[in-house]
Amino acid sequence: MGYIAARGGTNAILNAELLVEYMRLQGQSTPIALDQIRDQMRAAVGRAMNEGALYAPELAALALKQSEGDSIEASFLLRAYRSTLQRVMPTIPAEGTAIRCMRRISASFKDIPGGQMLGPSQDYQIRMLNSLLTNESHADIQRVIDAHATLAAESDCDPQAIGHFSKVVDYMRQEGFVSMRHDDEADEPFDITRTALTFPCRRSARLQSLAQGDTGCLLTYAYSSVRGYGDAHPTLAELRFGLMPVEVAHPMTGEPICIGEIVVTECEIVSKAHSVAHASDKPQFQLGYGFTFGHCEVKAMSMAILDSVLTQAKLNGLSGESGPAANEEFVLLHSDGIEASGFTAHYKLPHYVTFEADLKVLDRATEHVQSQALQAHVAPVASGKDTP
Amino acid sequence: MASPTYVLSQCPSASVCAIAAQALDYVTPHTIEMISGPKVAMVQLRLKESVAETVFNAGEVLVTETRLELNGTFGFGMIVGNQPEFSTALALIDALLRIPGEHTVLLEEQIACLAAELQHRQHAQFAASNSTKVEFDTF
């Protein structure tokens with residue numbers, strides 16, 4: 001039996017594509033509209049956007065429909081589309097203080113300037129399937145819209161307030177709990193879409209890489225460090241979810257102009273006090289930063305935990321076990337879901353020539369082992385001694 | 001007070017197109033030369049994070065960009081998403097605000113009205129979130 005390279009299969013491939021469409025549509029249910037996915041699958045849309053590194057809710061909805069809900073495939077489609085677009089300019093650096101918060105919490109202090117606001121969250125609910133959603137109607141939708149309007153009307157907050165808050169970490173800095181360390185990077189941040197990562201890498205490269213990392217992967221690494229294969233002891237300094245304005249410089253005047261708002265999640269993680277790196281330094285907390293497009297709290301927190309662990313590892317400031325999550329090269333080179341899934345999936349494609357070479361190696365190895373065994377058997381006979 | 005571009009970017013496309021068309025009627029005669037667009041493109045989102053103030057690239061944002069000249073005056077419009085009419089209207093308003101005339105007063109008045117409506121909308125959205133404000137007690 002021989003193994004050779006393959007060619008052809010065009011019709012089979014075209015038919016395979018048709019079967020994919022058939023599998024999606026065979027139930028003959030009502031086609032899903034993109035606005036339904038965009039509005040009612042917010043978490044999936046957010047994940048596709050941040051892992052695809054392209055903020056485009058309508059296209060993310062299309063990608064999710066095309067991929068039948070596969071988050072990695074959806075982000076792959078977005079990233080592929082991204083490569084066809086011209087990048088016209090960078091934005092003016094945005095800051096989290098500009099976010100119009102719909103949710104803003106801290107696990108470090110119960111009283112924070114501006115107060116804690118739970119916002120849209122299921123954190124405090126029992127995880128039970130809601131059978132009422134099975135037959136949701138337009139009347140149900142209207143009921144929720146009306147209830148939201150009532151909440152807004154009954155609120156007694158400042159009539160000028162629209163959700164801007166100071167940062168909890170700024171308060172912690174004022175109190176001297178955390179370092180005032182400023183980054184010493186050059187003005188132009190590293191761009192992993194233009195230059196391959198090399199290690200040790202700049203912090204801007206790390207943050208860009210983590211921001212487009214696979215949620216499950218970042219969660220696993222962060223969890224490993226928290227659970228025992230590392231030294232992370234995180235507490236949530238602040239998590240905020242809301243709308244962040246984006247500004248660019250006017251091409252003629254250079255003045256900032258706003259081009260809209262985007263839905264984002266941002267958080268800071270504070271880690272336990274230590275002074276391991278420099279014994280003479282004042283003991284302070286370490287911080288980590290997380291940011292995602294969309295409403296993706298677990299990913300933002302995982303990113304912040306990893307940022308904190310990697311910063312401490314670089315400063316030689318880990319007081320306990322470092323663990324795999326403290327290895328920057330390991331974490332950043334394996335956390336991109338699109339690269340990882342692409343590399344794994346490519347093993348499904350024909351490898352006939354490669355495997356034929358493997359077979360030949362196996363044959364030679366088998367012959368070698370057999371000849372070694374034969375020599376071992378013959379040698380004692382030739383020397384006139386009995387075998388044991 | 002929110003900037004005019006912030007107010008316009010937060011309003012419905014139809015409202016912005018309407019005030020651009022209305023202001024354009026005041027500039028007669030007028031010629032519009034499209035330099036580029038409206039085209040779908042990307043801007044790279046730069047973020048100054050709050051831990052060490054590192055500026056990093058947080059991803060791309062899909063935008064529509066328009067560059068034009070209105071009676072020889074440059075106009076630039078950009079908006080998040082695939083919104084060609086919105087982008088063109090913003091470019092026209094950008095140029096119109098640079099051309100002297102009574103239309104600038106009209107535009108400023110209309111943007112002020114839109115700003116008031118926006119403030120009301122954004123406050124209502126925040127007020128609903130504010131109803132989830134909590135004060136935790138420790139045992």
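**Figure 1. Overall fold of chain A in the predicted model.** Chain A comprises 13 helices and 7 strands. Its radius of gyration is 28 Å, well over the 21 Å that the globule rule gives for 388 residues, so chain A is more spread out than a compact globule. The C-alpha trace of chain A spans about 105 × 70 × 55 Å along its principal axes. Of the 388 residues in chain A, 35% are buried. Among contacts in chain A with a separation of 6 or more, 67% are between residues 24 or more positions apart.

**Figure 2. The two domains of chain A and their contact region.** Domain 1 covers residues 10-82, whereas domain 2 is assembled from the segments 96-119 and 160-343. The centres of domain 1 and domain 2 of chain A, taken over C-alpha atoms, are separated by 29 Å. Contact between them involves 14 residues of domain 1 of chain A and 14 residues of domain 2 of chain A. On the side of domain 1 of chain A that touches domain 2, the elements contributing two or more residues are α3 (42-52) and α5 (71-82) of chain A. Helix α3(A) provides the largest share of this side, with 8 residues. Classified by residue type, this side of domain 1 of chain A holds 7 nonpolar, 3 polar and 4 charged residues.

**Figure 3. Surroundings of A:G294.** A:G294 lies in the loop that connects β7 (284-293) to α10 (297-314) of chain A. With 23 other C-beta atoms within 10 Å, against a threshold of 20 or more, A:G294 is classed as buried. Which residues does A:G294 touch, not counting those up to four places away in sequence? They are A:R42, A:V45, A:G46, A:R47, A:M49, A:N50, A:V263 and A:T265. The C-alpha atoms of A:G294 and A:A43 are separated by 7.2 Å, although these residues are 251 residues apart along the chain.

**Figure 4. Helix α4 of chain B.** This helix consists of 29 residues, from 102 to 130 of chain B. At 1.5 Å a residue it should span 42 Å; the end C-alpha atoms are 42 Å apart, so the expected span and the span in the model agree. Which residues of α4(B) are buried? The buried positions are B:L107, B:Q110, B:I111, B:L114, B:H123, B:F126, B:A127, B:A128, B:S129 and B:N130.

Conventions:
Residues numbered from 1 in each chain as written. Chains lettered and ligands numbered in written order. Predicted model: local features only at pLDDT ≥ 70, side-chain atom pairs only at ≥ 80, totals over all residues. Helix = DSSP H or I, 4+ residues; strand = E, 2+ residues; numbered from the N terminus. Buried ≥ 20, exposed ≤ 12 C-beta atoms within 10 Å, placed from the backbone. Contact = placed C-beta atoms within 7 Å. Expected span 1.5 Å × (residues − 1). Rg over C-alpha atoms; globule rule 2.2 N^0.38 Å. Domains from an automatic or database assignment. Nonpolar A, V, L, I, M, F, W, Y, C, P; charged D, E, K, R; others polar.
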